[in-house]
Amino acid sequence: MLFNSSSQPTLLSRVRQHSLWLALTLFLLFSGMTLFIVFALEDAVFKDQLKQTYHVLQQGGSLPANMTLVTQTDAFTLSDSEQLKYFEFDAHFGEFNQGDQHFHFMKTDLGVLLLNSSELGIISRAIDDILVILLLMLLPTLLLTYWFSNKLSEKALQPFSKIHHAIASEHLHINEFKAALCDIEEQDIQVIAKKLVNALEQKTHLLQQQIAFNQGMAHEIRTPLQVMSHSMELISASSPEIASLKSYHRLDKAIARMHRISSALLWLTSDAEEQHTTQVRHILDTVLSESQALIALHQIDVRINEPDPLNALKLPVPETVLELVILNLLTNVIHHCQTSEADKYWQISISPSQIRFCNPTVQTPDETSTHENFGLGLQLVTALMDKFNVGFEAQQNNQVFSVSLSIKKPSP
């Protein structure tokens, strides 16, 4: 509806809505004034007839058929409220209803001169036509106001439209953003645009510093990791009995996990556009096999449901990144199950379009208790999935925490 406020209003919709309300209010106001002026003109005509008849009587003439001279003037003393009822402000003139008839009167020195105006009122007989004409004028008035508000918005709200389109552009460079806003003429809007540009420049600068730091940190980590890996290989080759120790396997798994984290950070900050296709079930089995001792230690019941194994789910994610994500999810399951007195399980459902992980939890569904419990947290996992255009959703309902990874549908 034109006059209803939208659930998601815009500047244009607000200007249009308030312009239409203003037009409707002014239309009703001027329609009332028009009717008042018309009735006032009709009253002026009746008063003029009464004056002319009074002059005729003074000259000895006779009364018209629709007029009467009453000498008992006390009967026509009207209160101020009754005078205001017909907007009569002159004490010598007035009007009143008697039954279904309407009278106008004039007080004179000869008596009260009455005019039966019941059949003379042109306005009362034509009021229906007048209202129809006014209603017919309402539609073009609203249409004209609607058109004018749109034109006004195009001119007056043009700077805001530029800012909106510039900010809404997902891949607009900061220099392109500045070029899009440089031709704004309105000085007050220029101040807002400059502050936005400065804020975006600062954000871009901080983001570039963060990316450079993450890249440098990932590269710095990889160097000692390579040394540690080669040292482990030399130790196992020179002393095979050491390779059978539990501490050796724990160290080997820790080094492998650090490799995954380093690779994920490099992928996250890389600008390279590469195509990846990873079979989800294969990576899942690999992670579960490596974490079998950890799962058994915490008594986690892993339940895998894959109704259609032949139509295997594949995600456009590097194997190292997907391994890191699943390991982080497993860490979160262990954290949740430690506080849960119910059944400790990890329900994994695989369909041709998504994989869904569910586990019990007794925590409240707020960001600090649920969304940041595992590994590097949801921020890193969300960023990685967004990097490779994979749908990611985490939610908690009825003490069940769930995470889903899905294939994004291509935008139309």
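Leucine 405 makes a good starting point: leaving out residues up to four places away in sequence, leucine 405 touches Leu315, Leu322, Val325, Ser353, Gln354, Ile355, Phe357, Met385, Val390, Gly391 and Phe392. Keep in mind that this is a predicted model.

**The nonpolar cores**

Leucine 405 is also one of the residues with the most contacts inside the largest nonpolar core, along with Trp346, Ile355, Phe357 and Met385. That core counts 38 residues. Who feeds it? At least two residues each come from α7 (246–269), α8 (280–290), α10 (319–339), β8, β9, α12 (377–387) and β11 (400–407). The top contributor is α10, which puts in 11 residues. There's a second core too, separate from this one, with nine residues, including Leu57, Met67, Phe93 and Leu115.

**One aromatic pair**

How many aromatic pairs does the structure hold? Just one. The partners are tryptophan 346 and phenylalanine 357, and they are stacked, with 5.5 Å from centre to centre and 25 degrees between the planes. The label "stacked" applies because planes under 30 degrees apart get that name, and 25 degrees is what this pair shows. Tryptophan 346 sits in strand β8 (residues 345–350) and phenylalanine 357 in strand β9 (residues 354–360), so the pair links distant parts of the chain, 11 residues apart. Are the two partners buried or exposed? Both tryptophan 346 and phenylalanine 357 are buried. As noted, both are also among the core residues with the most contacts.

**A glutamate on α10**

Back on helix α10, you'll find glutamate 323. With a relative accessible area of 13%, glutamate 323 counts as buried, because the cut-off for that is under 20%. What does glutamate 323 touch, if residues up to four places away in sequence are ignored? The list is Arg260, Ile283, Thr286 and Val287.

**Around glycine 391**

Glycine 391, one of the contacts of leucine 405, belongs to strand β10. A relative accessible area of 11% makes glycine 391 buried. Setting aside neighbours within four places in sequence, glycine 391 is in contact with Ser404, Leu405, Ser406 and Lys408. Lysine 409 is 18 residues away from glycine 391 in sequence, and their C-alpha atoms are 9.0 Å apart in space.

Asparagine 389 is found in the loop between α12 and β10 (390–397). Its backbone is worth a look: asparagine 389 isn't a glycine, yet has a positive phi of about 60 degrees. Glutamine 299 does something similar, with a positive phi of about 55 degrees and no glycine identity to go with it. Glutamine 299 is located in the loop between α9 (292–297) and β6 (301–305).

**Accessibility of selected residues**

Here are some residues from this tour, plus two that come up next.

| Residue | Relative accessible area | Class |
|---|---|---|
| Glycine 391 | 11% | buried |
| Glutamate 323 | 13% | buried |
| Methionine 228 | 31% | partly exposed |
| Leucine 26 | 36% | partly exposed |
| Asparagine 389 | 47% | partly exposed |
| Glutamine 299 | 62% | exposed |

Why does glutamine 299 count as exposed? Because its relative accessibility is 62%, and exposed means over 50%.

**Out on the surface**

Leucine 26 is in helix α1 (residues 11–58). Leucine 26 also helps make a nonpolar surface patch of about 770 Å², together with Leu22, Leu29, Phe30, Met33, Phe36, Ile37 and Leu41.

Methionine 228 lies in helix α6 (residues 187–238). Its C-alpha is 7.6 Å from that of isoleucine 255, a residue 27 places apart along the chain.

**The whole chain**

Zooming out, the protein has 12 helices and 11 strands. Of its 412 residues, 33% count as buried. The accessible surface comes to about 26000 Å², and carbon and sulfur atoms own 58% of that. How are contacts spread along the sequence? Among those between residues at least 6 apart in sequence, 65% join residues at least 24 apart.

Conventions. Residues numbered from 1 in each chain as written. Predicted model: local features only at pLDDT ≥ 70, side-chain atom pairs only at ≥ 80, totals over all residues. Heavy atoms only, no water. Phe/Tyr/Trp six-rings, centres within 6.5 Å; stacked < 30°, edge-to-face > 60°. Helix = DSSP H or I, 4+ residues; strand = E, 2+ residues; numbered from the N terminus. Buried < 20%, exposed > 50% of the residue type's maximum accessible area, 1.4 Å probe, protein only. Patch = residues over 30% accessible without salt bridge, like charges linked within 9 Å, V, L, I, M, F, W, Y side chains within 5 Å. Areas by Shrake-Rupley, 256 points an atom, 1.4 Å probe, with all protein chains shown as cover. Salt bridge = Lys/Arg side-chain N within 4 Å of Asp/Glu carboxyl O. Core = buried A, V, L, I, M, F, W, Y, C linked by side-chain atoms within 4.5 Å. Contact = heavy atoms within 4.5 Å.
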